[in-house]
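Reader: I am new to this structure. Please take one part of it and walk me through that part closely.

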Amino acid sequence: MIPFNKPFTTGNELIYIADAVALGKLSGNGKYTKLAQDFFEESIGIKKALLTTSCTDALEMCALLLDIQPGDEVIMPSFTFVSTANAFILRGAKIVFVDSRSDHPGMDESGIESLITQKTKAIVVVHYGGIACDMEKILSMASQHELAVVEDAAHSIGSTYSFSNGKRKHLGTIGHLCTYSFHETKNISSGEGGLLGINDERFSNRAEIIWEKGTNRTSFFRGEVDKYGWVDIGSSFLPSEVTAAFLWAQLEQLDKIQKKRIQIWERYWENLFGKVEEYGIKLPFIPGFATKNGNMFYLVAKSTAQRDYLLAELNAAGVLAVFHYQSLHQSAYFQMKHDGRVLPNADHYSDLLFRLPLYFDLDLDQVDDICEILIDRVKEFSKT
Ligand SMILES: *Cc1c(COP(=O)(O)O)cnc(C)c1O
């Protein structure tokens with residue numbers, strides 16, 4: 001049986017957790033929180049990083065920081081995880097969904113501008129599968145209309161975007177705010193966990209306050225104020241040192257983890273390229289400005305019947321391939337709230353996309369086996 005995902009551990013997680021316990025400070029913002037945050041600031045290039053208990057929480061912090069009020073409009077892709085939208089819905093925002101690209105499940109940058117109104121406050125970008133959106137286009141629209149840009153970089157650790165002048169930046173360092181996820185299904189994990197990145201300094205102080213339950217405790221610990229108290233709204237967004245210690249063990253080995261995941265991705269590509277297209281199956285597309293980070297390997301089937309057949313056959317052969325996402329504008333919660341625009345590409349990927357297993361401990365010969373089964377069943381289906 002080959003699972004879809006298997007959490008990976010480096011072997012140092014329990015050692016660092018034991019150290020955190022021995023240090024006698026297990027609440028948040030201690031040694032391991034700082035190590036992890038420094039990593040994102042120094043190695044990734046985020047201006048200010050705050051660990052959170054999840055990417056969902058980090059997105060909720062973004063909505064608070066942007067002071068989203070009932071009726072404000074937020075533009076985001078429909079083809080994303082529910083948290084991207086929920087965080088803004090909780091503040092009363094009206095979500096305006098944009099379609100996916102025709103060549104890629106990520107958001108169609110050219111469909112954004114016509115959705116901007118007087119009430120639009122922010123564009124939330126989702127770099128699907130760690131493949132960058134066209135940030136130059138999005139930044140220029142945002143600055144023209146004075147909108148905030150949030151990057152939901154849940155999939156995106158290690159991936160970059162190339163500007164037309166050749167400058168390359170990590171995803172998550174480009175928008176005003178960004179979020180990462182360390183859920184066990186992502187490249188780097190602490191079981192549950194996330195991070196808020198602040199690239200626009202105007203948000204830095206308030207982010208720390210919202211993070212620390214609406215208090216200025218963080219500046220108190222730095223000795224900037226002589227007592228701390230309740231100064232704004234906030235919540236409990238910071239994880240404990242147990243979580244941060246686990247995360248640090250993984251971040252320390254980011255290069256090794258990424259290398260293996262990319263190797264698996266490339267093996268899928270090499271095995272499938274030129275073998276499945278004639279049966280109507282499409283391989284992933286990576287725009288020239290983007291890089292891949294081995295977050296996921298997806299395929300786009302020719303028909304829902306073909307996809308469902310392949311998933312059933314793979315599962316029967318012990319390979320747990322899955323489909324996702326179901327477009328949010330079609331969800332049980334949102335479909336009656338949606339403004340009725342048809343989003344054909346998002347629907348296309350909801351109906352046809354499926355993902356193959358991809359996790360650190362997956363062996364390359366297992367990838368070969370999966371591809372062999374897949375190619376065989378693709379041929380079988382074409383006979384029906
Ligand atoms: C996983 C994911 C999230 C949520 O991450 P959590 O850390 O589980 O809260 C948000 N957005 C996207 C695009 C995701 O894939």
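**A close look at helix 6**

Author: In this predicted model, the buried residues of helix 6 are Ser-204, Ala-207, Glu-208, Ile-209, Ile-210 and Trp-211. Buried here means under 20% relative accessible area. Helix 6 covers residues 204-211, and six of its eight residues meet that mark, so the rest of the structure largely encloses this helix.

What do the buried residues of helix 6 pack against? Two strands are among the partners: strand 1 (48-52) and strand 9 (194-198). Three helices join them: helix 2 (31-44), helix 3 (55-65) and helix 7 (217-221).

Next comes the end of the helix. Lys-213 follows helix 6. The phi of Lys-213 is positive, near 60°.

Now step back to the whole chain. Its secondary structure comes to twelve helices and eleven strands. The radius of gyration is 21 Å, close to the 21 Å that the globule rule gives for 384 residues, so the chain is as compact as a globular protein of that length. The C-alpha trace spans about 75 × 55 × 45 Å along its principal axes.

Burial extends past helix 6. Of the chain's 384 residues, 56% count as buried. Contacts reach across the sequence too. Take those between residues at least 6 apart: 71% of them join residues at least 24 apart.

Last, the surface and the charges. The accessible surface of the chain is about 16200 Å², and carbon and sulfur atoms hold 52% of it. The chain carries 38 positive and 49 negative side chains. The centres of these two sets lie 1 Å apart.

Key
Residues are numbered from 1 along each chain as its sequence is written. This is a predicted model: local features need pLDDT of at least 70, side-chain atom pairs count only at pLDDT 80 or more; totals for chains, interfaces and linings use all residues. Side-chain values use heavy atoms; hydrogens and water are left out. Helices (H or I, at least four residues) and strands (E, at least two) are DSSP runs, numbered from the N terminus. The radius of gyration is taken over C-alpha atoms; the globule rule is 2.2 Å times the number of residues to the power 0.38. Buried means under 20% relative accessible area, exposed over 50%, partly exposed in between (1.4 Å probe, protein chains only). Contact means heavy atoms within 4.5 Å. Accessible areas come from the Shrake-Rupley method with a 1.4 Å probe; for residues, only the protein chains shown count as cover. Lys and Arg count as positive and Asp and Glu as negative; His and the chain ends are not counted. The place of a charge is taken as NZ of Lys, CZ of Arg, CG of Asp or CD of Glu.
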